[in-house]
Amino acid sequence: MGKHPTPSELLPGTLDLLILRTLAPGPMHGYGIAHRLQQVSDDVLQVGESSLYPALQRLLLNGWVKAEWGASENNRRARYYTLTAAGRKQLVSEREEFTRMIGAIQKVLDTA
Amino acid sequence: MANERIDLPQGTLDLLILRTLALAPQHGWGISERIQQISSDVLQVQQGSLYPALHRLERRGWIKARWGISENSRRAKYYELTRAGRKQLETEAGAWRKLSAAVAQVLDMA
Amino acid sequence: MTPSVQTWLDRAWRRVVFRWRRTQLNRELAEEIESHRLLKEAENSRAGLSPQAARELSNRQMGNIEMAKEDCRDMWSFLRVERLVHDLRLAARLFGRNPGFTVIAVLSLAIGIGGNAAMFTLVDKLLVRPLPYFEPDRLVRVTGIYPRAAVPFFQQQSRTMDVAAVSTGSEYNLTGQGEAVRIFGAAASANLFSVLGPPVAQGRAFEPGEDAPGRDSVIIISDALWKNKFGRDPSILGRVITVNGMNRQIVGIMPPGFSFPSSNIEAWLPLRLDPSNFIEYWGSGWVPFVSRIRPGANVRQAQAEVRALVAQFKKTFPYPMARDWNANSTAIPLQDDLVGDIRGTLLILFSSVGTVLLIACTNVASLLLSRATTRRKEIALRVALGAGRLRIVRQLLTESVLLALIGGGLGILLGMSALSVFKSVLPSSTPGLAAAAIDWRVAGTIAALALLTGLAFGIAPALSASQIDLAGCIRTGSQRSTTSAWTRLRSCLIAAEVALTVLLVVSAGLLMRSLYTLSEVHTGFQPEHILTVRISPNQSSCTERAACIALYGRILDSARGIAGVGDAAIANTLPLDADQPYLAVDIEGRPKSADYPAPLVWSGAISPGYIRMMHIPLLAGREFTEADGANSAGVLLITPSTARIFWPGESPIGKHIRRAGEPQWRTVVGVVGDVRQYSLAQDRPAWVPGAMYMPYAQSTREDGQIYAAMTLLVKGTADSGRLGHEIRSLAEEQDPNVPVSQVQPLEDVVSGSISDFRSTIRVFLSFAGAAILLAAIGIYGLVSYWVTQRTFEIGVRVAMGATRQRIVSIVLAQGLRVAVYGAGAGIVAALAVTRFLASLLYGVTATDPVTFVAVTALVLAVTITATAFPAWRAARIDPVKSLRVD
């Protein structure tokens, strides 16, 4: 694993999951999502734009988020993303799955 | 939700293999069996990913192979960790733990 | 994590929407990302950086924006479709930039695929499609021909088959319905239609017993005759028409498209089975059989039964038959029989067309191979930019498939015109020929063929191009790669092309020589300035011999009176005509036996001026004169070959011959030169040992009657169109019910006899020409590529003092080497294969050395021509330029 680990190195689809989780409390724009992830993980997770925006498009395509234009902090236009009902359902199921997988890997890594 | 075949990312798979070999040398089939067993069948490593990974690790010098006799008295290639491999395992395992902790934090945030 | 079907549909719908609003989305994405960056810049400023530094940092922090935008765009589109469209556009641009390559490749493919489309249609329609009769696989033809007496015998005795008989067809006079015309009709046993199967469209078929005398005055007409002669008159059924002087009632009309046994049959009359008419029942007008195998029996049983029945029937003959008469008779499935005679021609055409396609594909494969290697730099660059090997292979394959599809489309168009050419080569009476046309089944198969061809010859170059050594390529500029296995493969391909070309050209050459020899053959007569007209009164009007003799006497006199006419004569048949009159004869001094039955002799009935008019040489004795009339002693003229066979070593003058069974002997009074009566290749078939002429007034047919239908020959300087009209009117003057037909110059008859062969040759020549062209292109491509590869080396040689001649000879040697190997293989193959052409050849053997040598020389000459330009280019290589590492 490289110096700047990306969530995809954990399991595929982790980034989608993280984004969904971040949007659960309320709408956010791209910069905000990246910032929040960085904050909550104590700077471990640095999501680059090259992975963030394509992931957001993917979520849009799957109908798990929707986007609307609004004003950002510096009074410029920015797109705000919100979880849809389907998105919320997806969050729950993906999270379960993720926990299961991580748990399994953890078990292997912990064997004496 | 059924057991879909998740393609583990390279790094994770390498890590699992190194960890399994940390206990004792094992041949390819044994490695995938063990992983499956310990994870209660959640993790099923396909041959198509296992052997390229083994070659990759061998090329990097983290494992080495030798021929031996298997349980059913057949010739089999056994893999074992090298010293460099052990060091790599520690580094990787540490990084992995940090990452998964970070992700967990995000998932659990209020 | 996988969406359900509903979700999949939603996704697909969203993709469509995204795709549609792409430009807007692009703009919005750019704006969104820029906005993000500005926020980062603000953050950096807050952290204390200068505005400049803040901006630079924010730019770096954003990472690889372009790739991110690309990935986003991927979400919006149907990736695979987009990629395909992109590949296609790229391919189209590539073709546009290299018109020469594109044109050659497309043309090669079009020629190959078009020819195959036409051949496939023919094979499908003529050989493979089942006959339009009921359960056609149970129909067989019994081989051999049989006298009418055999019909009831076989019908009653056969347990495995229902036997019917139908003649091959002859001309009949149809009179009493406006203009007198000749129609082509077949005489059939009453059960023919029930044996074949298809019901009449209107009216009825023959009833059982209608082939007995007294009940046989009926006739069934074809749909074509109903349309052409009677204008589809709805009241035609029941009408009485006059055929050959006999009244017949039309009782049935067959459905359109039905025409058994050949496509020019317009009517069916009952085959009269009259045991009391000995000559007709046992002697004349023998017929072939067609039978349907009864349920419960099979072909093998039928074949065994045929042999047994033939043996039994032979014993019932009232006169001795040859011991081996019809001994090999058997039953063959009708399908095989009907197409048997064209199967050979079709197969030859098919294999040659297939060969041309093979050559075309080889060429294009070789062309693509060379292009791929010259595009190495471009490909190396794309690999460096991140395109996967699969992607490159896919794009190259798209190119070849596109090429193949364009070539295939063009090929179908070409195929349609090729089809009409092929159709002209086959005999026009082949069933189903006129209707053969390219339909969607063929088009579909051709599309598949084109696709397969594209994939086949795209694979090798695609694989080759994707295996390049990246670093090596970019460093040395790709011009000095070593000879790989692919280049060797190319040389082998081109050599194979040359071999196939040699094969085709040798075949074409042999056929051409045959044609030339045939057309130069000495026919034994001189046809110049002679116009022929067929005059055919009903046979019944000549039962009184004197009447017909007088009729023709008057016609001859009137004809000689026409301005511009030098001489006139009559004859019962023309040389090279379809009609071959044979008589069984007795020869005085040679008794008949079972092993030596009465020999068949070609017999002509002529007026005295005929021999002179045709410039047939008189070799001994005298010609006929007016004195040899109906009441004079019977006289004959024979040919030298006849004399040699019947009276070897003696003079034939004074010897006696008569028609088998005649009371009086006829005397040979003269010997005239042999004439090619049967075909340009033969005077007569092998089983007819002799030829003789009788004066018309003394002539006799098999049935003892005088010939009613004769051909009038008129020699003169008059314009043939006007002459035709004049003859028609003078014949009408004599008797308006006498049809006049087939007005044609004698020269046309002669050339018409090989017109089919000539057409076949033309087709072959075009194949051979196409093959030579393609092979030349292939060699040119190969040598040209070789020169480009060796530019450096050649430059070195020139720098070291090699003369231009030396360079040219080196390049020539390259081309010649491939050509020589190919030609060698081709000659070996040709020696093995041309024997299959043997039946078509005349005057040359299948391994004629002159032809082989000439073709080899031609191929070498073509090679040298094809190598000329690259050689000249090589000789002009400037060592200064080439030695500079590119």
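This dialogue reads chain A, its two contact sides and the nonpolar cores of a predicted model.

Biologist: Where do I start with chain A? How many helices and strands does it have?

Modeller: Start with the elements. Chain A has four helices and three strands. Then read their order. From the N terminus on, it is α-β-α-α-β-β-α.

Biologist: What share of chain A is buried?

Modeller: Count neighbours around each residue. A residue is buried if 20 or more other C-beta atoms lie within 10 Å of its own. In chain A, which has 112 residues, buried ones make up 47%.

Biologist: And contacts along the sequence? What percentage join residues at least 24 apart?

Modeller: Set a floor on separation, then ask again. Take the contacts in chain A between residues at least 6 apart in sequence; 48% of them join residues at least 24 apart.

Biologist: Now the interfaces. How many residues does the contact between chains A and B take from each?

Modeller: Count each side separately. Chain A puts in 30 residues and chain B 28. Next, ask which elements supply them. On the chain A side, helix H1 (14–23), H2 and H4 each give two or more residues. H4(A) gives the most, with eleven.

Biologist: What is the make-up of that side by class?

Modeller: Sort the residues of chain A that touch chain B. You get 17 nonpolar, six polar and seven charged.

Biologist: Which elements of chain A face chain C?

Modeller: Begin with the count again. Here 22 residues of chain A are in contact with 24 of chain C. Helix H2 (30–40), helix H3 (49–62), strand E3 (77–83) and helix H4 (85–110) of chain A each supply at least two residues to this side. H3(A) gives the most, with eight residues. By class, the side that touches chain C holds five nonpolar, nine polar and eight charged residues.

Biologist: Last, the cores. Which residues of the largest nonpolar core touch the most other members?

Modeller: Look for the members with many partners inside the core. This core has 210 residues, and the ones touching the most other members are Val498(C), Val502(C), Ile570(C), Leu712(C), Ala771(C) and Ile779(C). Helix H23 (residues 755–789) of chain C gives the most to this core, with 19 residues.

Biologist: What does Ile779(C) touch?

Modeller: Leave out residues up to four places away in sequence. Then Ile779(C) touches Ile494(C), Gly815(C), Val818(C), Ala819(C), Thr863(C), Ala866(C) and Thr867(C).

Biologist: What lies apart from the largest core?

Modeller: Another core, of 63 residues. Leu11(A), Ile19(A), Leu16(B) and Trp62(B) are among them.

Conventions
Residues numbered from 1 in each chain as written. Chains lettered and ligands numbered in written order. Predicted model: local features only at pLDDT ≥ 70, side-chain atom pairs only at ≥ 80, totals over all residues. Contact = placed C-beta atoms within 7 Å. Nonpolar A, V, L, I, M, F, W, Y, C, P; charged D, E, K, R; others polar. Core = buried A, V, L, I, M, F, W, Y, C linked by C-beta atoms within 7 Å. Buried ≥ 20, exposed ≤ 12 C-beta atoms within 10 Å, placed from the backbone.
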